Amino acid sequence: MKRIIDLRLTQTPRLPLEAERLRPDLLAGMSLEEIYALPLLYGNQMAAAGEFLRGEIREMEDGSGACLILRGDFARVKRLGQGMQSGELIIEGASGFHTGAEMEGGRIIIRGDAGDWLGAHMTGGVIQVLGNAGHWAGAAYRGKMQGMRGGAIIINGNAGRMTGSKMRGGLIAVRGDCLEFPGYCMNAGTILVAGRSGRHIGSGMVRGTIIMREGHELLPTFYRNCTYQPPFWQLLRSYIEEQGLMLDGWDADCFFERYSGEALCGGKGEVLLRHSA
Amino acid sequence: MLKIINGGVYDPLQGLSGQAGTICVGDDGKICDPPSDAAPCDIVDASGCAVMAGGVDIHSHIAGTKVNSARSMCPEDHYDHFKPHTDTTRAGTGFTVPTSFYTGYEYAGQGYTTVFEAAVPPLEARHAHEELLDVPIIDTGTYTLMGNNYMIMQILAEQDPVSRKERLRDLVSWLLTTTKGYAVKVVNPGGVESWKWAQGIQDLDTPVPPFGVTPRQIMTGLAETIRGLGLPHGMHLHCNHLGEAGNYITTLETMRALDGLPFHLTHLQFHAYGQSKKGTLKSAASELADYINGHPNVTFDVGQMVFGPATTMTADAPMQYRLHVVTGHKWINNDVEMESGAGVVPLQYKPKSLVNAIQWCVGLELLLLVKNAWQIILTTDHPNAGPFSAYPQIIRLLMDRDYRASQMEALNPRVGKYTVLAQLAREYTLEEIAIITRSAPAKTLGLPQRGNLRAGSCGDIAAYRIQEDKERMFREPAYVFKDGALVVRDGKAIKSPQGRRLLVEPDCGAVLPDDLVDEFHRYYSITLANFPVQEEYIPRPEVIACK
């Protein structure tokens, strides 16, 4: 038995609405009335979720767990799915800052654009964005030393600055372009950008893997090792395709130019640039 | 008038250890003898409570540039620790480096009423005083950094001993007066300046560029000057070689060099390390405790480590650089022109780390091996070895041997090889706790009206509910009074009065000698007229007389 909680945004919030309680795993056992009564921080005051949301709950024979569907423009609604551990959250529209931050499991699908800090500090689960993502996707909050530690963020559109900053594990795959500083000070994990990237790729990276296409200028603290076919590439590619992201021109038998860096931080990180030939 | 009745009074200075008694505070905020007539008064029933003087923290970093830099450098310290505002208190955030208002409420919320900011470079004194204006309830004071001061070293290098002594006296007096400081603080004497010249201090007789004076000359010169000026608190000394394996030799040599002079050793835990055959850390607390037990004039505060997050901040810039290199954590370095340096590095102390576990044991060993509680003062060198909010836990570790043993189980198992803590059975009494948290620091600081409950002393009083769990007892005092007014109930601040600023006014010239004025104009980035802290920054001064 799968429980589907289908909610519609009845009015666009004038001020940011902090909705960390809107998680499929938390809402799974609640009635509609209980959901409407959930207190959410609205500006500097508390408001009931029912002031902004209306909808229905359906039961489906197939499947199990809970699925929360949110319909409307949630760009001003922050912290959707924050810390969620299981279930499915589908946002039929844009989502605001911190969506899926500190998430531990389950799946979030965003059919519009996602705000900044998407999946920050997440440790598990999958976030899929069909539109663009904002800055600091999978990053560490300011001052913290480790960002995303596991799970995957799959972005069909473009990503902003500081994608995967200080990330410690997991995967971020971007089909479009990204802005400056992808993989800034990353400790581990994998970032793939299929389009063009802004400058300062992997600046301050300690370990981890950044995969880009050819033609990117790297910092002078990265040095070339070789041209090769990494054994993990086929696995990674098929995993990304399983998550619904098709990469044109990124064949299973691609060659990559391998660069080590950043030399100022030990040189244990790697940047792989897809070989043009 | 206020009357606190039915409490068990702990006042080590008067020899009271739990005897039932009544404490009266007059309308002037001072403790007085019980009146003979039945004058109208507020009565507080403190039955079941231990009534003590307000706590005195001799060494804490609560205001100034490095504290503020640490706040902006460590937003992660603020995400999970916050308190909303109430009708009488402001909101605040932070765990190891709380915001200024929060600091005041938290200290008072543990029964502390007097706290000293331990390291203020003269150039940054205005900042520290301005920030202390926003630390409510508690009385505060600042120590002025002089151990690596260019002008002081210049004078110490002079040949004529008579003129040198007089000129040093004038300079120290001028620095204390213009910075509105309470005591002379010396941090890694000569070591910071030496590091700025890409050198280091080998021992107390290593010459320090550019004048070639040695750490020994700096310490003895300043301590003799302090004795000459009759300052209430001796030289507040952070020795050389903090945190290095084998540094207890430097600490012992320092104590011998200063024998007979007024000084106080701060955060001794960081200076009590021996060196194992492999060159790693081991405890040398017994060696230091032996010396201290034989020299009753030596006082120290412990700087006990607490497991969990900490933010190290000190004027010992070379030590902070080393810490940054060793741990890889973020680092701020600050060069304070002619006067000092500073560094900030956030850390996480872990019981499973052998080095941290040894450090934790060394602090407790010092507390347990030194016999005379009047020589010991409880601190965590907040926030270097841990936040001050951990005092109640340390008190429980001292008073409860079983709890100590249970905490030791979580340590790295190899710690027993390098420490002797497991063999120490001593348990502190409530009277001894009263000594190390209020009476001894007040005595060491030369504050006769604090740390005791005699008639004429400040009406700063804390009443703790006596219970088996000493951590809980000291975390939530039933009542705290500041100058006779109830400011804290059940550990929560309910009033937010402004505290006093403790100052000294040495009766020596408050003018900079002419030749140093030229030096000042040549090298300082500000003019002399902008240097002194104006009186506007000290709305409630309390001048403590020199001896």
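# Values and labels in a two-chain predicted model

User: Which strands does helix α10 of chain B lie across, and at what angle to β19(B) does it run?

Analyst: Helix α10(B), residues 317-327, lies across β17, β18 and β19 of chain B, and its angle to β19(B) is about 35 degrees. Please keep in mind that this is a predicted model.

User: What makes those three strands an open sheet, and what is their order?

Analyst: The order is β17-β19-β18 in chain B, with antiparallel pairing. The edges are taken by β17(B), residues 308-314, and β18(B), residues 332-336, each of which pairs on one side only. Ignoring direction, neighbouring strands here are turned by 15 degrees against each other on average.

User: How do you know that β17(B) and β19(B) pair?

Analyst: Two strands count as paired if there are at least two bridges between them. β17(B) and β19(B), residues 340-349, share seven bridges in the antiparallel sense, so they meet that condition. One of the partner pairs is P309(B) with Q348(B) in β19(B).

User: What about the start of chain B: how are β1(B) and β2(B) joined?

Analyst: Strand β1(B), residues 2-11, runs antiparallel to β2(B), residues 16-25, and eight bridges join them. Y10(B), for example, stands opposite S17(B) in β2(B). The two strands form a hairpin with four residues between them, and G15(B) in that turn has a positive phi of about 75 degrees.

User: Why do β2(B) and β3(B) count as a pair?

Analyst: The cut-off is at least two bridges. β2(B) and β3(B), residues 31-32, have two, in the antiparallel sense, so the condition is met. I31(B) in β3(B) is the bridge partner of V25(B). Here too there is a hairpin, with five residues between the strands, and G29(B) in the turn has a positive phi of about 80 degrees.

User: Why are β4 and β7 of chain A said to stand at the edges?

Analyst: The sheet in question is open, with four strands in the order β4-β3-β2-β7 (chain A) and mixed pairing. β4(A), residues 45-48, and β7(A), residues 77-78, each have a single partner strand, so one side of each has no neighbour in the sheet. Between β2(A), residues 17-18, and β7(A), the pairing is parallel over two bridges, and L17(A) stands opposite V77(A) in β7(A).

User: Why is α12(B) called roughly perpendicular to α13(B)?

Analyst: Helix α12(B), residues 391-399, and helix α13(B), residues 401-408, pack at about 110 degrees with their axes 5 Å apart. Roughly perpendicular covers 65 to 115 degrees, so α12(B) earns that label against α13(B). From α12(B), the contact uses Q393(B), R396(B), L397(B), L398(B) and M399(B), while α13(B) brings R401(B), Y403(B), R404(B) and Q407(B). By class that gives four nonpolar, two polar and three charged residues.

User: And what makes α8(B) and α9(B) roughly parallel?

Analyst: The axes of α8(B), residues 248-257, and α9(B), residues 285-294, come within 10 Å and cross at roughly 10 degrees. The label needs an angle under 35 degrees, so α8(B) and α9(B) are roughly parallel to each other. In α8(B), the residues Y248(B), T251(B), L252(B), M255(B) and R256(B) meet E287(B), L288(B), Y291(B) and I292(B) in α9(B). This contact has six nonpolar residues, one polar and two charged.

User: How do you know that the bond between G261(A) and E262(A) is cis?

Analyst: Omega is the value to look at: about -10 degrees, and the bond is cis. E262(A) is found in the loop between β16 (256-261) and β17 (269-274) of chain A. Chain B has a cis bond from H382(B) to P383(B), with omega near -5 degrees; P383(B) has its place in the loop between β20 (376-377) and α12 of chain B.

User: What is notable about the phi of F181(A)?

Analyst: F181(A) is not a glycine, yet its phi is positive, at about 60 degrees. This residue lies in the loop between β12 (168-174) and β13 (188-193) of chain A.

User: Finally, what lines the second largest pocket?

Analyst: There are 16 lining residues, with F263(B), N297(B), T299(B), K443(B) and T444(B) lying nearest the centre. The elements giving two or more residues are β13 (263-265) and α14 (430-445) of chain B. Sorted by class, the lining has five nonpolar, nine polar and two charged residues, and the space in this pocket is about 330 Å³.

Terms used:
Residues numbered from 1 in each chain as written. Predicted model: local features only at pLDDT ≥ 70, side-chain atom pairs only at ≥ 80, totals over all residues. Heavy atoms only, no water. 1 Å grid on protein atoms, 1.4 Å probe; cavity = no way out; pocket = protein on both sides within 12 Å on 5 of 7 lines; lining within 4 Å. Points joined across faces, edges and corners; volume = space filled by probe spheres on them. Nonpolar A, V, L, I, M, F, W, Y, C, P; charged D, E, K, R; others polar. Axes fitted to C-alpha atoms, helices over the stretch in contact; angles between N-to-C directions. Parallel < 35°, antiparallel > 145°, perpendicular 65-115°, else oblique. Contact = heavy atoms within 4.5 Å.
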